[in-house]
Amino acid sequence: MTNEGGGGIVVEPNNNLHRPKFGSFLYPESVIFSPRNNNNQDDGDYYSGHRKSSASSTSPRYNNNSGTRTPTSGEASPYLMSPWNNQPVSPYTKSPWIMPPYSPNENLLSSCNGLIGSIVRKEGHIYSLAASGDLLYTGSDSKNIRVWKNLKEFSGFKSNSGLVKAIIISGDSNKIFTGHQDGKIRIWKVSRKNASVHKRVGSLPTFKDYVKSSVNPKNYVEVRRNRSVLKIRHYDAVSCLSLNAEQGLLYSGSWDKTLKVWRISDCKCLESINAHDDAINSVVAGFDCLVFTGSADGAVKVWRRELQGKGTKHFLAQVLLKQENAITALAVNQESAVVYCGSSDGLVNFWECEKHLSHGGVLRGHKMAVLCLAAAGNLVFSGSADRNICVWRREESGAHSCLAVLTGHTGPVKCLAVEEDRDRDHDHEYHQKGDQRWTVYSGSLDKSVKVWRVSEHAPDLKGLYSPTQMRRQV
């Protein structure tokens, strides 16, 4: 069980509790996750007439016929305690929006690591996060995009339809792009006079481009028998977005198996690529003109942007991985040029650019599917359906070690966002040590967002156990 603040106390999951299929994390609209939810609703109800995917319908962690769990390599290291998870948090109030009140005896700007705040929403699972400066954007199945500042609600805006599955902030153009369940990408702009006002300024593709393309039969592609759609528009859920700010390009991945490339300046669709054999779950713009995609078909593909005629085009450069387990998350460390991939078997694979994208190794720390990844500095964060967040540090040699496991969520960790700690300059102790600290936001299907402070240097472990020490005790 966990304390009221959501951190510090960890208990092994009860195998008698109902465990949803992995498909509910890929297609979560059809199942409300709850340990006590015994509803046997089919995971694929939303897409019962659309498609069925063997790669994304079940989790390899569990045998759905017997209801028993099969052991995996990740279970060899069950991290039961983190040195960063012992933060006292004030009790929640009974407000529909709950945040731990600031205590005069608690300095949340101190140098300690761990949980520094929580936002708990009574209705709506958190599916997407985006952080920019001191603002946090959250998307949920309520179709609302909420804006938070210092753990307090700052603003919000709502789309007409479509669960919010992805949020990207373009700082230069003052725009926010949101990907939705209904296959649309909506564009919002922040008012220059009032930062709390967000106005919808369009969608991708634009109505003008949609009408213009619709009159030409060559612009249609057949998606199934007796059904054709415009190739510049996603006809299934937009599951992921990634921005290449330097080139002014936006990439969108969808359950319709396509990768689309958009020019931000005029909202024009430059390319539509039939990238995978199943739903695309993650896309990330990387280094050296590369774009990485991960899919429920178990493949991680590398696309290179090259000059062609007067413009550019993306070509398949390499397939990094092909496996039976669905690829669920991707992240790129731009500084060290490392690509990370999370999958439904609970593993995180990585590849290093300096070694010509050769396989660098596997990070084993989760018991269930990895649902999200984030990289910052020398750290990598992996959120999982096992409700934990593993913090990994990359050493100069390229090896990775697990610094800690952040615990406290009572549902699968669906999304992560990382920003440099804005209070670091005020902390003389850490400033003198030259340590790098990060603010980590984690969104979960338990309807909460938790805010953590994480240092790249391990905290003082006196009186506490590190994950390595705990394994030695077991």
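These are my notebook entries on what I looked up in this structure, which is a predicted model.

**Entry 1: the whole protein**

I began with the overall make-up, and I found four helices and 33 strands in the protein. I then looked up burial, and buried residues account for 54% of the 474 residues. For the surface, I noted that the protein exposes about 21,600 Å², with carbon and sulfur atoms supplying 47% of that area. I also checked contacts between residues at least 6 apart in sequence, and of these 50% join residues at least 24 apart.

**Entry 2: one sheet**

Next I turned to a sheet, with a general point in mind: strands of a sheet pair through backbone hydrogen bonds, either parallel or antiparallel. In which order do the four strands of this open sheet lie? I read the order as β9-β10-β11-β12, with antiparallel pairing. The edge strands are β9, residues 164–170, and β12, residues 198–204, and each of them pairs on one side only. From one strand to the next, the twist averages 25°.

I then followed one pair of strands in detail, and found that β9 and β10, the latter covering residues 175–180, pair in the antiparallel sense over six bridges. As a single example, I noted that Ser170 has Lys175 in β10 as its bridge partner.

**Entry 3: salt bridges**

Side chains of opposite charge can pair when their charged atoms come close. How many salt bridges does a search of the whole structure find? The search gives nine, and I looked at some of them.

One of them joins Lys149 and Asp134, whose closest N and O atoms are 3.7 Å apart. Lys149 lies in strand β7 (residues 144–149), while Asp134 lies in the loop between β5 (126–132) and β6 (135–140), so this pair ties together parts that are 15 residues apart in sequence. Both ends are partly exposed, since Lys149 has a relative accessible area of 31% and Asp134 one of 28%.

Another joins Lys355 and Glu352, with the closest N and O atoms 3.3 Å apart. Are the two residues buried or exposed? I found that Lys355 counts as partly exposed at 45% relative accessibility, whereas Glu352, at 3%, counts as buried because it falls under the 20% limit. These residues also belong to a network of salt bridges that links Glu352, Lys355 and Arg394.

My last look-up was the salt bridge between Arg393 and Glu395, where the closest N and O atoms are 3.2 Å apart. Glu395 counts as partly exposed, at 29% relative accessibility.

Conventions:
Residues numbered from 1 in each chain as written. Predicted model: local features only at pLDDT ≥ 70, side-chain atom pairs only at ≥ 80, totals over all residues. Heavy atoms only, no water. Pairing = 2+ DSSP bridges. Helix = DSSP H or I, 4+ residues; strand = E, 2+ residues; numbered from the N terminus. Axes fitted to C-alpha atoms, helices over the stretch in contact; angles between N-to-C directions. Buried < 20%, exposed > 50% of the residue type's maximum accessible area, 1.4 Å probe, protein only. Contact = heavy atoms within 4.5 Å. Areas by Shrake-Rupley, 256 points an atom, 1.4 Å probe, with all protein chains shown as cover. Salt bridge = Lys/Arg side-chain N within 4 Å of Asp/Glu carboxyl O.
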